[in-house]
Amino acid sequence: MSSVPAPKKKRSKVSAKKSAKKSAKKGAPSLPRRDEAWIGGFFSLRAFVHEGDEAYRPEAVVWMTERGFVLSCAALRPGDVVAGAVDSFEAAASEPLEGEPRLPQRVRVASPALADALRARLGPEIDVRVAPTPEIDVVAEDLEEHLGARDGRLTPSFLGGGIEAPAMASFFRAAAALYRATPWKAVPSDADIMALSIPSLGARDLALCVVGQAGQSHGVLLFESAQGFELYLAETAKLPDAPPASLPASFFSLSFDRAGDLHPALRAEVAEQRWELAGPDAYPMLAMVDEDLIGRKPTPKELTASEALALGLVELMKRRKEIARAFRGGAPVEASYVVETHAGPVEVLFRAPHPARS
């Protein structure tokens, strides 16, 4: 579940913008027209880009001819991808990767919104049609295969994306303390959730699920809301013997993995850095998992939140008998702790069970 760099663009954004402006100034009719059809579309890449405390999956925009020649391929930030796709079309016309600058007679796209935007920009001279674009799907598969192969050649690491060794060492200490606190022995079931809030980091009433009651996989899952957790339960219940293809809500995972399940490079990194472990089969692994079950490494802010969560749970487990009674119908438990993370003191608030379950 490691992050990979954004795919290299065939052309820079600056170049694309200049080309788009140049095309807009000249107007579409100023380019020679060729009796051919172009196909265009966009899709989300299955790879994350980290920029400070932000992580996102870029949108790839592709323009190609019906004969299979790719004219333009660009990676854009999520947002108004339709506008970016129109700009990319103009860049493909002005500076195509194949052939001379030109405009097609016909364009086929699968997105009605993209078709409308193209018609508004290009006028009636070019026939823009909405129809399936399986050719774009093939390009997407080829690109994902290339990225997957490249990812396989990269050496995995706990570091990177703005996370440095001292911060990760501090998180490992907190995770080791959490493993020793055995919260899965206090929370009766992995269907029970408590509320977690970290005000300074913008987290309020998240749904915290502790797993490991069966003595197998230990860790915690964190959802943006109790409703997100309920949707997760409903989806995973449909296929109890196999993971679903997608989920209705993203979530955060802190798991404790066996040494044999880790890439040798990760085990070597932990040994070299001398990061604390609660045991040989208790390597803490963090993953931010989106609706498509694509995982990524945490951002620096998310690492701080993970450390605060672990340290807060350690303190909460000092009231484990009260916690167990609360989930069995007793009085709810509310607690607030200020824990010392690598980034400084952070306040963490818990309520068991979650208010949505009361």
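**Close-up 1. Pro 183, a buried residue in a predicted model.** Here's Pro 183, and with a relative accessible area of 0% it counts as buried. Keep in mind that the whole model is predicted. You'll find Pro 183 in the loop between helix 5 and strand 8. Setting aside neighbours within four places in sequence, Pro 183 is in contact with Leu 178, Val 210 and Met 317. Look for Gln 213 too: it sits 30 residues away from Pro 183 in sequence, and the two are 9.0 Å apart in space, C-alpha to C-alpha.

**Close-up 2. Helix 3, with a buried side and an exposed side.** Helix 3 runs through residues 112-122, and Leu 114, Ala 115, Leu 118 and Leu 122 are its buried residues to look for. Those four cover an arc of only 100 degrees around the axis, so they end up on the same side of helix 3. The general rule is handy here: an α-helix has 3.6 residues a turn, so residues three or four places apart point the same way. What do the buried residues of helix 3 pack against? Their partners are strand 1 (33-44), strand 4 (59-65), helix 2 (81-94), strand 6 (103-109) and strand 7 (127-130). Flip to the other side of helix 3 and you meet Pro 112 and Ala 120, both exposed. Right after helix 3 comes Gly 123, with a positive phi near 85 degrees.

**Close-up 3. Phe 158 and Trp 275, an aromatic pair.** The model has 15 aromatic pairs by the count used here. In this one, Phe 158 and Trp 275 meet edge-to-face, 6.0 Å centre to centre and with 85 degrees between the planes. The pair ties together distant parts of the chain, 117 residues apart: Phe 158 is in the loop between helix 4 (134-153) and helix 5 (165-181), while Trp 275 is in the loop between helix 7 (264-273) and strand 12. Are these two rings' residues buried or exposed? Both Phe 158 and Trp 275 are buried. They also belong to one aromatic cluster with Phe 171 and Phe 172.

**Close-up 4. The second largest pocket and its lining.** This pocket holds about 660 Å³ of space. It is lined by 25 residues, and the closest to its centre are Glu 224, Phe 252, Met 288, Arg 296 and Glu 302. Several elements give two or more residues to the lining, among them strand 9 (203-211), strand 11 (251-257) and helix 8 (300-316). Which element gives the largest share of the lining? That's helix 8, with five residues. By type, the lining splits into 14 nonpolar, four polar and seven charged residues.

Notes:
Residues numbered from 1 in each chain as written. Predicted model: local features only at pLDDT ≥ 70, side-chain atom pairs only at ≥ 80, totals over all residues. Heavy atoms only, no water. 1 Å grid on protein atoms, 1.4 Å probe; cavity = no way out; pocket = protein on both sides within 12 Å on 5 of 7 lines; lining within 4 Å. Points joined across faces, edges and corners; volume = space filled by probe spheres on them. Nonpolar A, V, L, I, M, F, W, Y, C, P; charged D, E, K, R; others polar. Phe/Tyr/Trp six-rings, centres within 6.5 Å; stacked < 30°, edge-to-face > 60°. Buried < 20%, exposed > 50% of the residue type's maximum accessible area, 1.4 Å probe, protein only. Contact = heavy atoms within 4.5 Å. Arc of directions from axis to C-beta.
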